[in-house]
Amino acid sequence: TGSGLIVSFGEMLIDFVPTVSGVSLADAPGFLKAPGGAPANVAIAVSRLGGHSAFVGKLGEDEFGHMLANILREHGVNDEGICFDKGARTALAFVTLRSDGEREFMFYRNPSADMLLKADELNIKLIKSAKIFHYGSISLIVEPCRSAHIKAMEEAKKAGALLSYDPNLRLPLWPSADEAREQIKSIWDKADIIKVSDDELKFLTKSEKVDDETAMSLWHDGLKLLLLTLGEHGCKYYTKNFRGSVDPFKVKTVDTTGAGDSFVGALLCKIVDDQSVLEDEKRLREILRFANACGAITTTKKGAIPALPSEADVEALIKA
Ligand code: ADP
């Protein structure tokens, strides 16, 4: 695991998840409080693996906000980029586990504190010290956090950071599908590394196909690595010079929440100190095998954060 700083930018929130599936939260006999938010999960994934990470984002000045900041600190994530909004509350998601295994979300975001992050509240010094700057898309949905997002990306890039992007589409949050596509595409060509899921690939390309040609239609000139994650089917990788797939690990899956974030965290940890691996297919495949193992382990426990593995957990699965 590398020692360079990985800064993860965006939202952190709490999911309220019923203890049983097939009923709404209101009718459930109980619920769990699961902290999450893709960028926060990535920051903690990096830290769990022994890497050096910081989270940049805004929380509400309420008990949930402080709880989330404490969770980041307890996991060793640098908190110097966290700020608190005095007026707005921390983002919350109320989840329904449908009988078919899918999740439905209802969000408190009216607006939630994360959306109120302003460009002049950014800790630019921290952002400039990043070797890798990672971000999602939710902070592109509205102002002022859209401008903060773009400023943070630009500052990181200017200072020489590698930019890593996981669109992490949460469609119900966007005003419309077209708006989501437009905003995501507006920052597409800034990224050095992009990870998409099969559903995101289909959404962005408006295609029903999940094949190499469709994936490569997302390629842009400055891109160094495009990743397509396929859940229990592992992942595919595309670079300028080579492409291929890496097999998944077979595990007893309980809850897939956070698998993609764990995968990204693992990849970033392994490339942060030596980006030349992006041009070396053999070494890249080893790293993606490690990332697949991380993703797989994350599906074996409920929730995202409690399921994120340590390096020893991952080595044990790889050697098993
Ligand atoms: P996302 O959460 O972004 O949709 P995926 O679900 O594709 O991402 O998961 C990321 C990676 O985690 C996959 O590429 C795979 O290696 C691993 N993974 C996810 N689900 C499973 C599973 N059910 N069994 C084994 N590995 C999995």
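Which residue is the bridge partner of leucine 97 in β7? Here are my notes; bear in mind that this is a predicted model.

1. To take that opening question straight away: leucine 97 has arginine 103 as its bridge partner in β7. The two strands involved are β6, residues 92–97, and β7, residues 103–108, and they pair in the antiparallel sense over 6 bridges.

2. While you're looking at that spot, check the turn. β6 and β7 make a hairpin, with 5 residues between them. Glycine 101 sits in the turn and has a positive phi of about 95°.

3. Next, methionine 12. You'll find methionine 12 in the loop between β1 (5–9) and β2 (13–18). Is methionine 12 buried or exposed? Methionine 12 counts as buried, because 29 other C-beta atoms lie within 10 Å, and the cut-off for "buried" is 20 or more.

4. Who keeps methionine 12 company? Setting aside the neighbours within four places in sequence, methionine 12 is in contact with Gly37, Ala40, Phe55, Gly57, Leu59 and Leu68. Leucine 72 is also worth finding on screen: 60 residues separate methionine 12 and leucine 72 in sequence, yet their C-alpha atoms are 9.9 Å apart in space.

5. Helix α5 (residues 177–186) is a nice one to rotate. Ala180, Gln183 and Ile184 are its buried residues. Viewed down the axis of α5, the buried residues fall within an arc of 100°, so they line one face of the helix.

6. Now flip α5 around. The face turned away from the buried side carries Asp178, Glu182 and Ser186, which are exposed. As for the buried residues of α5, what covers them includes α6 (198–205).

7. On to the ligand. How many residues surround the ligand? There are 19, and the closest are Thr229, Gly260, Asn292, Gly295 and Ala296. Two elements, α8 (259–271) and α9 (281–298), are the ones that give two or more residues to this shell.

8. What is the ligand shell made of, by class? The tally is 8 nonpolar, 10 polar and 1 charged residues.

9. Last, the annotation. The UniProt record, an unreviewed entry, has "domain: Carbohydrate kinase PfkB" covering residues 5–309. In the model, that span is 31% helix and 24% strand, and the C-alpha atoms at its two ends lie 19 Å apart.

Note on methods. Residues numbered from 1 in each chain as written. Predicted model: local features only at pLDDT ≥ 70, side-chain atom pairs only at ≥ 80, totals over all residues. Near = placed C-beta within 6 Å. Helix = DSSP H or I, 4+ residues; strand = E, 2+ residues; numbered from the N terminus. Nonpolar A, V, L, I, M, F, W, Y, C, P; charged D, E, K, R; others polar. UniProt positions renumbered as here; feature names shortened; annotations may be inferred. Pairing = 2+ DSSP bridges. Buried ≥ 20, exposed ≤ 12 C-beta atoms within 10 Å, placed from the backbone. Contact = placed C-beta atoms within 7 Å. Arc of directions from axis to C-beta.
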